[in-house]
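Could you walk me through this structure, step by step? I am new to it and would like a friendly explanation of how its parts fit together.

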Amino acid sequence: VRGPREGFTENLRVNTALIRRKIKDPNFWIESKKIGSRTKTNVAIAYINGIANDEIVKEVNLRMDRIMIDGILESGNIEELIQDTPYTPFPTVFNTERPDVVAAALLEGRIAIIVDGTPFVLIVPALFIQFFQSPEDYYVRTLIGSLVRLLRFLSFTITLLAPALFIAITTFHQTMLPPALLISLAAQREGVPFPAFVEALIMEITFEILREAGVRMPRAIGSAMSIVGAFVIGTAAVEAGIISAMMVIIVSITAISSFVSPSYDMAIATRILRFAFMALAASFGLYGITIGLIALILHLCSLRSFGIPYMSPVAPFNVSDQKDTFIVFPLWSLLTRPHLISQKN
């Protein structure tokens, strides 16, 4: 992965210095606050005066001043207290450990919230499309960056819908499959006692357990345990006749696709929604998936991040902002900032 190898630390002053090292502008302002009646945690709000939207800066300060709590131990505490919609799986506040990502966000007119004691810096407002953008998209040639970003959107779709589509087609819409494939799937499922939905549920939950175990295990054996555990359990389940081989393939592709996302928060949201789509597919087939997608799009369009529509620049659609949405235009053509975030170009 091309780009700087430096990262934030747990010290607030080191973190502000790392950003200041990249943005040597007298209009780069840092406002300090102490939050937490007991911990008195130092929190800094950073933005570039003259680029950041004054209304968003006021809103951030207002929400920060409203926080009444004993202690702030990590930026995640701040995120939960200032986010627009608490009851959504989708993140409306972005977080990163990279100074170059924060610097790029500040240059776009966004605002950074730096909390003492954690290397994770919050960035607001955060849009849906932002969670598919990665800093290396801008450090490589345009064609490569665009192809990789399109691959992320494809992986997001696979992660969200692959098990649900397989359940719907094999349960309700078998005529959509070619006869040879249908016969092969029927032969695989001949001795399997469970319906496709229960199969998928068993495999998905097993993989989630392995993933969490791998995170908690020591690094030297964590990845090996996840890979070997998944392989051994998958093979044993097929040989025991509990799971069909095709379901193991589908769940494996889904799991691998979930790792493509550059944002852990968005990957978590997709993992949660995947189970809902599986239940809809098992109940209503492709009609259930369609209803779920309509409900998902309506929900995404209803979200806001500090007053900015979460799905912009797709909804509301803005032509000039499409140059950095699904594909990356050449750097010399990125002359305007995101329209709804900052109009000061």
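**A walk through the model**

Helix H4 gives the most to the lining of the largest pocket, contributing 7 residues. That makes H4 a good place to begin, and please keep in mind as we go that this is a predicted model.

Let us stay with the pocket for a moment. The space inside the largest pocket comes to about 1,500 Å³. Its lining is made up of 48 residues, and those nearest the centre are Val101, Ala104, Gln133, Pro135 and Tyr138. Three elements give two or more residues to this lining: strand S3 (94-96), helix H4 (99-108) and helix H10 (264-284). As for the character of the lining, 24 of its residues are nonpolar, 12 are polar and 12 are charged.

Now follow H4 to one of its packing partners. Two packed helices are described by the angle between their axes and the distance between the axes. Helix H1, residues 12-22, packs with H4 at an angle of about 60°, and the two axes lie 9 Å apart. Angles that are neither roughly parallel, roughly antiparallel nor roughly perpendicular, the last being 65 to 115 degrees, count as oblique, and H1 and H4 are therefore oblique to each other. The crossing of H1 past H4 is right-handed.

Strand S3, which we met at the pocket, leads us on to the sheet. Strands of a sheet pair through backbone hydrogen bonds, either parallel or antiparallel. Here 5 strands make an open sheet, and reading across it the order is S1-S2-S4-S5-S3, with antiparallel pairing. S1 and S3 are at the edges and have a single partner strand each, so one side of each is left without a neighbour in the sheet. From one strand to the next, the twist averages 25°.

To finish, look closely at the S1 end of the sheet. Strand S1 (residues 28-35) runs antiparallel to strand S2 (residues 41-48), and 8 bridges join them. If you want a pair of residues to find on screen, Ser32 stands opposite Ala44 in S2. Together S1 and S2 form a hairpin with 5 residues between them. Within that turn sits Gly36, whose phi is positive, at about 105°.

Notes:
Residues are numbered from 1 along each chain as its sequence is written. This is a predicted model: local features need pLDDT of at least 70, side-chain atom pairs count only at pLDDT 80 or more; totals for chains, interfaces and linings use all residues. Side-chain values use heavy atoms; hydrogens and water are left out. Two strands pair if DSSP finds at least two bridges between them. Helices (H or I, at least four residues) and strands (E, at least two) are DSSP runs, numbered from the N terminus. On a 1 Å grid over the protein atoms alone, a cavity is a set of points where a 1.4 Å probe fits but cannot get out, and a pocket is an open set with protein on both sides within 12 Å along at least five of seven lines; lining residues have an atom within 4 Å of a point. Grid points are joined across faces, edges and corners, and a volume is the space filled by probe spheres set on the points. Ala, Val, Leu, Ile, Met, Phe, Trp, Tyr, Cys and Pro count as nonpolar, Asp, Glu, Lys and Arg as charged, and the others, Gly among them, as polar. Axes are lines fitted to C-alpha atoms, for helices over the stretch in contact, and angles run from 0 to 180 degrees between N-to-C directions. Angles under 35 degrees count as roughly parallel, over 145 as roughly antiparallel, 65 to 115 as roughly perpendicular and the rest as oblique. A crossing is left-handed if the near helix is turned anticlockwise from the far one by less than a right angle, and right-handed if clockwise.
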